[in-house]
Amino acid sequence: MYLHIGNNYSVDVRDIVGVFDIENTTVEKCTKKLLERAEKEHHCVYTTYDMPKSFIVTVKNGKERVYISQLSAATLRKRLQSGGGF
């Protein structure tokens, strides 16, 4: 099953490590470091040019990716509960 995370982007739910609300989690130093490292190492995928509301951390074959989405973490959670959006 795949989770639609906005603007023609989908991720395999088996690869998802976590879905996080940007506003609530970026106040923590460790979250800021995670996002800065992902950006520096080119592991960030921006699914939108709009104001981001969440980020999704995935790991596939040992490779980490961070998807920045305009959808809220609550919306993504609802999509997961209802079958992924696809």
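## A loop to start with

In which loop is His 42 found? His 42 sits between α2 and β4. This is a predicted model, and in it the phi of His 42 is near 60 degrees, a positive value in a residue other than glycine. The residue is exposed, with a relative accessible area of 66%.

Asn 7 makes a good companion to look at next. Its loop connects β1 (2–6) and β2, and its phi, near 45 degrees, is again positive in a residue other than glycine. With a relative accessible area of 42%, Asn 7 is partly exposed.

## The sheet

Now to the strands. An open sheet is formed by 4 strands, which follow the order β3-β5-β6-β4 with mixed pairing. The edges are taken by β3 (16–21) and β4 (44–46); each has a single partner strand, so one side of each is left without a neighbour in the sheet. On average, neighbouring strands of this sheet are turned by 20 degrees against each other, direction ignored.

What is the sense of pairing between β4 and β6? These two strands are parallel, and 3 bridges link them. On the β4 side, Cys 44 has Val 66 of β6 as its bridge partner, while Val 45 stands opposite Tyr 67 in β6. As a reminder when you follow these residues on screen, side chains in a regular strand alternate between the two faces of the sheet.

β5 and β6 run antiparallel and are joined by 7 bridges. Here Val 66 of β6 appears again, this time as the bridge partner of Val 57. The hairpin of β5 and β6 has 2 residues between the strands, and in this hairpin Asn 61 takes a positive phi near 55 degrees.

## Helices across the strands

Which strands does helix α2 lie across? Helix α2 (residues 29–40) lies across β4, β5 and β6, and its direction makes an angle of about 105 degrees with β6. Helix α3 (residues 73–81) lies across β3 and β5 and runs at about 140 degrees to β3.

The loop between β6 and α3 holds Gln 70. Is this residue buried or exposed? Gln 70 has a relative accessibility of 17%, below the 20% cut-off, and therefore counts as buried. Leaving aside residues up to four places away in sequence, Gln 70 touches Ile 5, Gly 6, Asn 7, Thr 47, Thr 48, Asp 50, Met 51, Pro 52 and Lys 53. One of these contacts, Asn 7, is the residue already met in the loop between β1 and β2.

## The largest pocket

If you are thinking about open space, the largest pocket has a volume of about 190 Å³. Its lining consists of Tyr 2, Ser 10, Val 11, Asp 12, Asp 15, Thr 58, Lys 60, Lys 63, Glu 64, Arg 65 and Tyr 67. By residue class, this lining divides into 6 charged, 3 nonpolar and 2 polar.

Which strand gives the most to the lining? That is β6, with 4 residues. At least two lining residues come from each of β2 (9–12), β5 (54–60) and β6 (63–69). Tyr 67 links this pocket to the sheet described above: Tyr 67 is among the lining residues, and Val 45 stands opposite this tyrosine in β6.

Conventions
Residues numbered from 1 in each chain as written. Predicted model: local features only at pLDDT ≥ 70, side-chain atom pairs only at ≥ 80, totals over all residues. Heavy atoms only, no water. 1 Å grid on protein atoms, 1.4 Å probe; cavity = no way out; pocket = protein on both sides within 12 Å on 5 of 7 lines; lining within 4 Å. Points joined across faces, edges and corners; volume = space filled by probe spheres on them. Nonpolar A, V, L, I, M, F, W, Y, C, P; charged D, E, K, R; others polar. Pairing = 2+ DSSP bridges. Axes fitted to C-alpha atoms, helices over the stretch in contact; angles between N-to-C directions. Contact = heavy atoms within 4.5 Å. Buried < 20%, exposed > 50% of the residue type's maximum accessible area, 1.4 Å probe, protein only.
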